[in-house]
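Open the model in your viewer and keep the selection tool handy. We will go from one group of side chains to the next, with a short note on what to look for at each stop.

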Amino acid sequence: MNENINKSALFNGSCFALITTAFTFAIRAGILPQLGEEFNLTAEQLGFINSMWFLGFPISMVIGGLVYHSVGPKNIMRVALIAHTIGIIMTIYSGGYTGLLISTLFIGFGNGCTEAACNPMIADMYSGMKMNKMLNRFHMWFPGGIFVGSLISKFMTDFGFTWQTQMWVLMIPTVIYAVLFYGKTFPKPTTEGVTSLSANFKSMLTPLYIFLFCCMALTAITEFGTQQWVGIIMSSSGASPMLILASVTGLMAVGRFFGGPVVKFFGQTGVLLVSAVFAAIGIFLFSTVTGPMVYVAAVLFAIGVCYFWPTMIGAVAQRVPLSGALGMSIVGGVGMLSTSIFQPIIGRWIDISTSEHAAAGLTGSQLELAAGQDTLSKILTFPLILIVLFIIFFFWQKKSKAVDNSPEVQPMV
């Protein structure tokens with residue numbers, strides 16, 4: 001049914017669409033201090049701006065999941081193109097806090113459309129271990145794009161480019177994915193019954209899906225809650241915030257490139273458990289060390305969060321297949337929704353901690369460092385909870401290996 005599909009063009013187009021998503025994440029993180037200074041915004045206000053990126057994402061993912069089989073991935077990606085273009089241009093000409101909120105919501109909406117269309121499309125083009133491999137290769141370009149975007153933002157900031165100029169860079173991958181998708185035939189679903197919304201919802205009411213749903217909320221905030229605030233939290237740590245972000249995402253991209261063999265060796269549940277342990281260690285070190293040791297913390301954190309997102313999406317596609325595109329979209333959406341909810345909360349943590357330490361007499365870089373590390377110690381709670389949950393998941397799934405019996409699927413849990 002999908003033999004005549006140009007898988008290479010569709011996969012490459014998906015990757016450039018995800019690079020666009022990554023650029024909106026990295027460059028926005030890089031220009032956050034400039035936005036705060038130019039528009040006189042508090043950390044909490046910056047948090048609300050960040051939250052619009054993460055709020056638009058789940059809204060469009062849920063809608064995209066509901067209409068995926070009736071509207072099709074091609075039309076969903078057309079909406080993504082329109083939303084990305086409007087969001088980028090509106091950001092550049094925003095003029096203040098309200099404009100930044102609205103424009104960032106558009107960008108988040110376009111990013112969610114990308115995930116809603118591309119995840120199930122890749123799952124329809126490939127199966128078994130090949131699906132795990134290609135989902136990891138696809139999601140490699142989120143950290144990979146953040147790596148490139150972080151370096152671009154740092155370079156442009158260091159050489160005096162305005163934040164508006166940096167935002168125009170986002171149009172480059174946007175135009176590329178539009179060209180790659182243009183005129184292509186998209187794949188049809190390969191799992192019988194997956195196009196039925198009633199079957200989707202029935203599968204989503206199972207204990208396994210609900211468990212994965214809850215875990216996704218925590219894995220997402222662990223990853224994005226730390227990364228999105230790196231420019232402010234780590235600004236006085238003795239290490240370059242954008243180099244920290246670049247090193248984390250660069251390592252994540254390399255790790256996801258080899259995601260197929262890693263998942264095959266450890267199994268999905270093993271990968272998730274080990275990831276939670278490394279993420280906790282990395283964030284703990286972020287909250288305690290300074291200077292060159294911050295880069296060591298970045299390496300451990302990168303190993304921790306590297307496989308969270310693609311493995312969670314792969315677990316839904318493989319272990320709850322009848323949940324279909326809607327199931328994958330809902331799980332991805334809750335990840336972004338939880339991150340959206342916690343963005344202003346993290347900003348408030350920074351503001352409160354800054355006030356408390358200022359009252360204690362700290363000033364300048366010492367004040368910023370103390371507030372940042374206090375905030376990271378609070379974020380550490382999320383991976384610690386995940387360690388417990390993934391231990392439960394490991395032994396739970398060890399008792400039901402039916403999903404792993406196919407030779408195409410990993411032999412381990």
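Two rings of Phe, Tyr or Trp, with Trp counted by its six-membered ring, make a pair if their centres lie within 6.5 Å. With that in mind, and remembering that this is a predicted model, let's begin with the aromatics.

**Stop 1: an aromatic cluster.** Select F25, W53, F57, F142, F224 and W309, and show their side chains: ring pairs join these residues into a cluster. Across the whole structure there are 20 aromatic pairs.

**Stop 2: two edge-to-face pairs.** Next, pick F265 and F266, whose rings meet edge-to-face, with 5.0 Å from centre to centre and 85° between the planes. Are these two residues buried or exposed? F265 is exposed, at 55% relative accessible area, while F266 is partly exposed, at 38%.

Now move to F393 and W396. Their ring centres are 6.3 Å apart and their planes are at 80°, so this pair is edge-to-face as well. Show helix α18 (residues 381-398) and you will find both residues in it, three residues apart, or about one turn of the helix. F393 is buried, with 0% relative accessibility, whereas W396 is partly exposed, at 31%.

**Stop 3: a charge over a ring.** Select R137 together with F257. The charged end of R137 sits over the F257 ring, 3.8 Å from the ring centre.

**Stop 4: the largest nonpolar core.** In soluble globular proteins, nonpolar side chains tend to be buried together. Here the largest nonpolar core has 123 residues, and F286 and F390 are the members that touch the most others in it. Colour helix α1 (residues 7-38) too, since this helix gives the core its largest share, 15 residues.

Then centre the view on F390. Which residues does F390 touch, leaving aside those up to four places away in sequence? They are C215, T219, L272, L273, A276, F308 and M312.

**Stop 5: the cysteines.** How many disulfides does the structure hold? The count is zero. To see why for one cysteine, select C113: its closest cysteine sulfur, in C118, is 10 Å away, which is too far for a bond, given that a disulfide needs the sulfur atoms within 2.5 Å. C118 is in no disulfide either, and its nearest cysteine sulfur, in C15, is 8.5 Å away. Both side chains are worth viewing with the surface switched on: C113 is buried, at 5% relative accessible area, and C118 is buried, at 0%.

Methods:
Residues numbered from 1 in each chain as written. Predicted model: local features only at pLDDT ≥ 70, side-chain atom pairs only at ≥ 80, totals over all residues. Heavy atoms only, no water. Core = buried A, V, L, I, M, F, W, Y, C linked by side-chain atoms within 4.5 Å. Buried < 20%, exposed > 50% of the residue type's maximum accessible area, 1.4 Å probe, protein only. Helix = DSSP H or I, 4+ residues; strand = E, 2+ residues; numbered from the N terminus. Contact = heavy atoms within 4.5 Å. Phe/Tyr/Trp six-rings, centres within 6.5 Å; stacked < 30°, edge-to-face > 60°. Lys NZ or Arg CZ within 6 Å of the ring centre and 35° of its normal.
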